[in-house]
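Q: Please take a close look at a single helix in this structure. I am new to it and would like a connected account of how that part sits among its surroundings.

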Amino acid sequence: MRSVVMIGWLGLMLAASGAAAQSTPSPEADLLAVDDQERALVLTDNAAEMERLAHPDLHINAPTNEVLDRTEFLRRLKGKIIAFEKLKRIPEQVFISGDVGIIMGREEVYPTPTSESGQLFGVRTIMRRYTNIYQRVDGRWRFLARHANVVAPPTPPSPTTPPK
């Protein structure tokens, strides 16, 4: 009887350790979760939380054809100069090298009418390509750099004259 209880106990312990191992997110999943948090902070204009996520050396190559440092980015987020009604990201690649994490993909944004993007590109769905870079500092990911650019809508092919 005692061996049956021990085997049962051992089975429960193994099952529990397997469940714990499966519930621990991969480094890539952890990075994607932080990137989604960054997206949500921009969407909700949450400059206070963004300030905690942003690395002191944050730089952004913005789709407005400017490079923003951390101070300017946070100022624009606080002032709703950077503001969206919709911000959807589709990550395509995730890379981690040491303490640097990189996410590349595409995003769909719908800017507010008074935002910089709304003024420059119009209030419509805008397709962009992006690269977000994070650095692990003291055990947590910090938002270090970003590049985003607007993707021009595809143009229909022009008629061509067939070769002779």
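A: In this predicted model, helix H4 is followed by Lys80, whose phi is positive, near 60°. At the other end, where H4 starts, the backbone nitrogen of Thr71 has a side-chain oxygen of Asp69 within 3.3 Å.

H4 covers residues 70–78, and its buried residues are Phe73, Leu74, Arg76 and Leu77. Viewed down the axis of H4, these buried residues fall within an arc of 160°, so they line one face of the helix. Thr71 and Lys78, on the other side of H4, are exposed. The cover over the buried residues includes three helices, H2 (27–43), H3 (47–53) and H5 (116–121), together with strands E1 (54–62), E2 (66–69) and E6 (140–150).

Those strands belong to an open sheet of 6 strands with mixed pairing, in the order E2-E1-E6-E5-E4-E3. Its edge strands are E2 and E3 (84–97), each of which pairs on one side only. From one strand to the next, the twist averages 20°. H4 packs on this sheet, where it touches E1, E2 and E6, and its direction makes about 95° with that of E2.

E1 and E2 run antiparallel and are joined by 4 bridges. Among the bridge partners, His59 is matched with Asp69 in E2, and Ala62 with Glu66 in E2. The hairpin of these two strands has 3 residues between them, and Asn65 there takes a positive phi near 65°. Asp69 thus appears twice in this account: as the bridge partner of His59, and as the residue whose side-chain oxygen reaches Thr71 at the start of H4.

Note on methods:
Residues numbered from 1 in each chain as written. Predicted model: local features only at pLDDT ≥ 70, side-chain atom pairs only at ≥ 80, totals over all residues. Heavy atoms only, no water. Buried < 20%, exposed > 50% of the residue type's maximum accessible area, 1.4 Å probe, protein only. Arc of directions from axis to C-beta. Contact = heavy atoms within 4.5 Å. Polar contact = N/O pair within 3.5 Å; in protein donor to acceptor, adjacent residues only side chain to side chain. Pairing = 2+ DSSP bridges. Axes fitted to C-alpha atoms, helices over the stretch in contact; angles between N-to-C directions.
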